[in-house]
Amino acid sequence: MLEGLLIGLQTALSLQNLLMVIGGCLIGTFIGMLPGLGPMSIIAIMIPVAISIGDPSAALILLAGVYYGAIFGGSTSSILLNAPGVAGTVASSFDGYPMAKQGKAGKALTIAAIASFAGGSIGALLLMVFAPALSSVALLFHSAEYFALMVVGLSAIAAFAGTGQVAKALIMTILGLIMATVGEGALFNLPRFTMGIMDLQSGFGFVTLAMAMFALPEALFLVLKPKTAQAEQDGEIKDLRITKAEAKAIAPVIGRQSFQGFFIGVLPGAGATIASFLGYAVERNIATKEEQEEFGKGSIKGLAAPETANNAACTGSFVPLLTLGIPGSGTTAILLGALIALNVTPGPRLMIDEPQIFWAVIMSMFIGNLVLLILNLPLIPYIAKVLSIPRNYLIPFILFFTLMGAYIGQNNATELLLLVGFGVCATALRFADYPLAPLLIGFILGGMLEDNFARSMQLYDGVGFIWERPMTLGLLVIAGLLVVLPSYRARRARLRAEGVADGD
Amino acid sequence: MALDRWIALILVGICLAYGYAAWFTMDGGLAPFMKRNPIWPSTFPKVLSVIGLLLSLVILLGLEKSELKVAEIDYRRLGEYKLGQALMLLALMVAYALCLRPMGFIFSTGAFLILGSFILGERKWLVMVSVSLIATLIVWYLVQQVLGIYLRPLPGFIGG
């Protein structure tokens, strides 16, 4: 491990990669601050840039920096404007915004930055411990287990994404898998479902789909319903200091939430949003009576908890990506797509075949967190000026960048029409409360899922692998339970609510 | 019928069409030696079409009860939002897609950015034109020179 650390440090500290981290964090903060643009959209927009760098470590470092920056930027707009740019920072606005209204915006930002730094760094430490262990287990996996594991991942994402409406999340996953079968598969070298259209031969572009699912609907939502939070803020942010007593109060919160957030982040489908809400709720419940009164009115603990948890969870979500090659969230799914485009296949072999990538990413997490703390924090008053860009200019530029991203990826104007078409469909799906992340994750995992399924079918000459390999069977049973349990529990709760007696 | 069930109806259609293609049109052209394979190119799509059909029927028939949350934007009152602007911007994006190759990058992008802010209600022409042109040139320079991706800068008839 020490050797790996040194390799990682060496890679991450090269001038180019340091610039990547710093640049990524700045860009991420900058765009993440804009209300309505989440980390998924930002990373999707940055992918063409990352891919054209060519060096996978540098690209991944850049994207990871953007990811952190986006989360940090999101908390800045939550605190200053009560307009969270990212779902994961909604909980930060509960106490951050009241603090800003009391004139303590600078203090709130400092607490957010320190909490994020601690959450991210402790998360990265945990990642260093758990990822190698998990990937040595994963090396024992066979393609049948991989197939089963992906099914587990997809069903977990569906089960978590659609609270109370698992069917909707599942059908989105299936739709993603269906879209992944369009084009020429690696296994058969036969074009499938292209309807004779040449442009579909290579399948749908992943960047196009990512933009259409996230960036475009968000921009359209901004057009449809202008957020009116602007202009409440007078632009003066001062007094960034916190007192010793305050530091003492938030230290245990940060410690607890780093661990809790990390482990929630590791679970597929849970991610930063759930971690931050849960962190807020837990800290509120265990606080003393007087402190509980404070929550929601500008409690520093109430700000530190979600901030720590969401950063730790972001780090945690890298565990399944780096060790199993299975993304647990929409953002890591986009990262996976970028890695595959760069000819890197994340998974248990990554640590053996290309240790420099794995360790460089981990090292860059530390550096990224440090950059956010010492570079971004003093710059915040200036970066916050981006919030005063009038939307008349902002929205055309966002739309232009989505178009550019889709075009650069494929160099094909048909891709732009697909982008608009899918974007309209995605907006309609959002209106009807269909979750979109499962679709993209299904799309990205589709190819691998089918390949592993096909390989196991060929080895066992049929579907025998399902019952001949106990681990596969076990994983598939878990996947089934994940899907069935939420609807079963919802049903029981409803029956009970209606006064109908049930068995137990 | 609520929007989510209309969408489920469309999804049923998609799954049926996809399933038809998978079950009835794909296996005919398969080479004889591939037919001895336990897995065919159509195997996985067949499975997907069946699961997809079942799931979309579950939503269509409302078998899974869920309280309807009002999303960030209530589609039933779509008229109250700035729908016109959104539709015009979408049309502008389509126009951009069609113009990018024949008209060249600089003209199309400049026009896109200017018209985009115009649709959103901006009327300061001087600011609009200068911001758009500067941004267009910067992006063109970055993409073409730094990233090395060819973008035709000028309309074809000028020889760009």
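**Exercise 1. Find which residues Ala44(A) touches, leaving out those up to four places away in sequence.**

Start with the rule: two residues are in contact if their C-beta atoms, placed from the backbone, lie within 7 Å. With sequence neighbours up to four places away left out, Ala44(A) touches Val207(A), Ala210(A), Met211(A), Phe214(A), Ala215(A), Ile334(A) and Gly405(A).

A word on what you're looking at: this is a predicted model, where local features need pLDDT of at least 70, side-chain atom pairs count only at pLDDT 80 or more, and totals for chains, interfaces and linings use all residues. Residues are numbered from 1 along each chain as its sequence is written, while chains are lettered from A and ligands numbered from 1 in the order in which they are written.

Next, place Ala44(A) in the largest nonpolar core. Such a core is a set of buried Ala, Val, Leu, Ile, Met, Phe, Trp, Tyr and Cys residues joined through C-beta atoms within 7 Å. "Buried" means that 20 or more other C-beta atoms lie within 10 Å of the residue's own; 12 or fewer makes it exposed, and in between it is partly exposed, with C-beta atoms placed from the backbone. The largest core has 204 residues, and Ile43(A), Ala44(A), Leu63(A) and Leu440(A) touch the most other members. Domain 1 (3-73) and domain 2 (81-158) of chain B both contribute residues, so this core lies between them; the domain bounds come from an automatic or database domain assignment.

**Exercise 2. Check the span of helix α9 (residues 206-224) of chain A, then look for a kink.**

Helices here are DSSP runs (H or I, at least four residues), as are strands (E, at least two), numbered from the N terminus. The expected span is 1.5 Å times one less than the number of residues. For the 19 residues of α9(A) that gives 27 Å, and the end C-alpha atoms are 26 Å apart, which agrees.

Now the kink: α9(A) has one of about 40°, centred on Ala212(A). The bend at a residue is the angle between axes fitted to the seven residues ending there and the seven starting there. As for cover, 18 of the 19 residues of α9(A) are buried.

**Exercise 3. Work out what the buried residues of α11(A) pack against.**

Length comes along for free: helix α11 (residues 271-286) of chain A has 16 residues and reaches 22 Å from first C-alpha to last, close to the expected 22 Å. Its buried residues include Gly271(A), Phe277(A), Leu278(A), Tyr280(A) and Glu283(A). The partners of the buried residues are α4 (56-81), α5 (90-101), α10 (244-266) and α13 (300-316) of chain A.

**Exercise 4. Take Asp433(A) and Asp461(A), and decide for each whether it is buried or exposed.**

Begin with the background: most residues other than glycine have a negative phi. Asp433(A) has a positive phi of about 70° although it is not a glycine. You'll find Asp433(A) in the loop between α19 (413-431) and α20 (437-460) of chain A. With 20 C-beta neighbours inside 10 Å, Asp433(A) counts as buried.

Asp461(A), also not a glycine, has a positive phi of about 50°. Its place is the loop between α20 and α21 (465-468) of chain A. Asp461(A) has 11 other C-beta atoms within 10 Å, so it is exposed.

While you're there, check α19(A): its 19 residues should span 27 Å, and the end C-alpha atoms are 28 Å apart, which agrees. Among its buried residues are Glu415(A), Leu416(A), Arg430(A) and Phe431(A).

**Exercise 5. Describe chain B, then the side of it that touches chain A.**

First, the fold: chain B has 5 helices and 0 strands, in the pattern α-α-α-α-α along the sequence. Of its 160 residues, 25% count as buried.

Second, the contact takes 53 residues from chain B and 52 residues from chain A. On the chain B side, α1 (3-25), α2 (43-60), α3 (83-103), α4 (105-119) and α5 (125-146) each give two or more residues. α3(B) gives the most, with 11 residues.

Third, sort that side by type: 36 nonpolar, 9 polar and 8 charged. Here Ala, Val, Leu, Ile, Met, Phe, Trp, Tyr, Cys and Pro count as nonpolar, Asp, Glu, Lys and Arg as charged, and the others, Gly among them, as polar.
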